[in-house]
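Work through the exercises below with the sequence and structure open. Each task is followed by a solution in steps.

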Amino acid sequence: MLLKSLIIIIFIAMLLSLAAGAGYLLRDGTSSKRLLTSLKWRISFAALLLVLITYGFLSGQLT
């Protein structure tokens, strides 16, 4: 149950990072680093999500 909760939290964090990145893209100029930072967070969340899902399938907690 904890693993599924972590997966949901990481997925929501990815969506929030995506929304923030879209907002930065629309509001900021081209010299802003906030869009790049948002992309770095989103990639990190995606990698963590992939690791959690792989662990879940290998351990049998996700079927």
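**Exercise 1: Ser38 and its surroundings**

Task: Which residues does Ser38 touch, not counting residues up to four places away in sequence? Is Ser38 buried or exposed?

Solution. The model is a predicted one.
- Step 1. Leaving out residues up to four places away in sequence, the contacts of Ser38 are Ser17, Ala20, Gly21 and Tyr24.
- Step 2. Ser38 itself lies in helix α2, residues 34-59.
- Step 3. The relative accessible area of Ser38 is 7%. Buried means under 20%, so Ser38 is buried.

**Exercise 2: The largest nonpolar core**

Task: List the residues of the largest nonpolar core, and state which helix gives the most to this core.

Solution.
- Step 1. The core has nine residues: Leu3, Ile7, Ile10, Ala13, Met14, Phe45, Leu49, Leu52 and Leu62.
- Step 2. Helices α1 and α2 each supply at least two residues of this core.
- Step 3. The most comes from α1, with five residues.

**Exercise 3: Nonpolar residues at the surface**

Task: Classify Leu6 by its relative accessible area, and name the residues that make a nonpolar surface patch.

Solution.
- Step 1. Leu6 is found in helix α1.
- Step 2. Its relative accessible area is 37%. Values between the 20% and 50% cut-offs count as partly exposed, so Leu6 is partly exposed.
- Step 3. Leu6 and Ile53 are 47 residues apart in sequence, and their C-alpha atoms are 9.9 Å apart in space.
- Step 4. Ile8, Ile12 and Leu16 make a nonpolar surface patch of about 300 Å². Of these, Ile8 is placed in helix α1, residues 2-27.

Methods
Residues are numbered from 1 along each chain as its sequence is written. This is a predicted model: local features need pLDDT of at least 70, side-chain atom pairs count only at pLDDT 80 or more; totals for chains, interfaces and linings use all residues. Side-chain values use heavy atoms; hydrogens and water are left out. Patches are made of residues with over 30% relative accessible area and no salt bridge: like charges are joined within 9 Å, nonpolar side chains (Val, Leu, Ile, Met, Phe, Trp, Tyr) within 5 Å. Accessible areas come from the Shrake-Rupley method with a 1.4 Å probe; for residues, only the protein chains shown count as cover. A salt bridge is a side-chain nitrogen of Lys or Arg within 4 Å of a carboxyl oxygen of Asp or Glu. Helices (H or I, at least four residues) and strands (E, at least two) are DSSP runs, numbered from the N terminus. Buried means under 20% relative accessible area, exposed over 50%, partly exposed in between (1.4 Å probe, protein chains only). Contact means heavy atoms within 4.5 Å. A nonpolar core is a set of buried Ala, Val, Leu, Ile, Met, Phe, Trp, Tyr and Cys residues joined through side-chain atoms within 4.5 Å.
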